[in-house]
Amino acid sequence: MRDGVVMLHGIAGAARLLRRMELALEATGFTTLNLDYDSRRKSLGTLAEDIHPAVDLFAGGLDGSVHFVCHSMGGLLARAYLARHRPARLGRVVMLGTPNGGSEIADRLQHIRAYRALFGPAGQQLVTLRDATTAALLPQVDYPIGVIAGSRSVYPITSIPLPRPHDGRVSVAKTRLDGMADHIVIRTSHPWLVRHRGSIAQTIAFLRDGKFRHS
């Protein structure tokens, strides 16, 4: 019996950025579906519907569980998707640098025209104070989630508003989620969370055992 992993990149990201993680998962025995999606042009709710046909087909072809590994906003997309289209054999979910509590940077930039143009409707949903529509997309979770946060920044200027510790884009505190099964902090930056050797090892550990390897 073989499990599968759906992989979701963050806003303004691409599936290729998760390629190192994808290869490691496949080497461990997982089947993968590393999706590209139009993260900068649509809302989380619309994106959840966009990815559904591919995820549903992938899950239907597995004889094991379907897991999710998500970077940044991809974790919010997974939550929105699973609230609507939960697979019958849902396994575990790993989120890397996901702003489960919103992003203080989005709070500061949400009304700036360039930010709105670049990050679109989903970018407006990354704020810490969510409107009723966004909150309804992200209900309480009741499936095993492991959250990996970063604690190193490579953005000395733009990360100034973030409470420490943070990964340059999301504070460690805002990655936490009520109901999560485990949480771990790795000393790396936001974009490198999906390529860091430690992050990859911890992701595989959680998918296998439902917990991280805390030293």
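The largest pocket in this predicted model holds about 530 Å³ of space. Of the 26 residues that line this pocket, Ile11, Ser72, Phe119, Arg169 and His190 are the closest to its centre. Beyond the pocket, there are two helix pairs to look at, H1 with H8 and H2 with H3, and two backbone details, at Pro165 and at Ala12.

**The pocket lining**

- Helix H4 (104–109) and helix H5 (113–124) are the elements that give two or more residues to the lining of the largest pocket.
- H4 provides the largest share of that lining, with 3 residues.
- Sorted by class, the lining has 16 nonpolar residues, alongside 8 polar and 2 charged ones.

**Helices H1 and H8**

- General background for both pairs below: two packed helices are described by the angle between their axes and the distance between the axes.
- Helix H1 covers residues 19–28 and helix H8 covers residues 197–209; their axes come within 10 Å and cross at roughly 45°.
- H1 and H8 are therefore oblique to each other, and H1 passes H8 in a right-handed crossing.
- On the H1 side, the contact is made by Arg20, Met21, Ala24, Leu25 and Thr28, which meet Ser199, Ile200, Thr203, Ile204, Leu207 and Arg208 of H8.
- By class, the residues of this contact of H1 with H8 are 6 nonpolar, 3 polar and 2 charged.

**Helices H2 and H3**

- The axes of helix H2 (residues 44–60) and helix H3 (residues 73–84) come within 9 Å, with a crossing angle of roughly 75°.
- An angle from 65 to 115 degrees counts as roughly perpendicular, and H2 and H3 are therefore roughly perpendicular to each other.
- H2 brings Leu44, Gly45, Leu47, Ala48, Glu49, Ile51, His52, Val55 and Asp56 to the contact, where they meet Met73, Leu76, Leu77, Ala80, Tyr81 and Arg84 of H3.
- The contact of H2 with H3 divides into 10 nonpolar, 2 polar and 3 charged residues.

**Backbone details in the loops**

- Take a look at the link between Arg164 and Pro165: a cis peptide bond joins them, with omega about -5°.
- You will find Pro165 in the loop between strand E5 (145–150) and helix H7 (172–175).
- Ala12 is worth a glance too, with a positive phi of about 65° although it is not a glycine.
- Ala12 sits in the loop between strand E1 (4–8) and H1, the helix that also crosses H8.

Key
Residues are numbered from 1 along each chain as its sequence is written. This is a predicted model: local features need pLDDT of at least 70, side-chain atom pairs count only at pLDDT 80 or more; totals for chains, interfaces and linings use all residues. Side-chain values use heavy atoms; hydrogens and water are left out. On a 1 Å grid over the protein atoms alone, a cavity is a set of points where a 1.4 Å probe fits but cannot get out, and a pocket is an open set with protein on both sides within 12 Å along at least five of seven lines; lining residues have an atom within 4 Å of a point. Grid points are joined across faces, edges and corners, and a volume is the space filled by probe spheres set on the points. Helices (H or I, at least four residues) and strands (E, at least two) are DSSP runs, numbered from the N terminus. Ala, Val, Leu, Ile, Met, Phe, Trp, Tyr, Cys and Pro count as nonpolar, Asp, Glu, Lys and Arg as charged, and the others, Gly among them, as polar. Axes are lines fitted to C-alpha atoms, for helices over the stretch in contact, and angles run from 0 to 180 degrees between N-to-C directions. Angles under 35 degrees count as roughly parallel, over 145 as roughly antiparallel, 65 to 115 as roughly perpendicular and the rest as oblique. A crossing is left-handed if the near helix is turned anticlockwise from the far one by less than a right angle, and right-handed if clockwise. Contact means heavy atoms within 4.5 Å.
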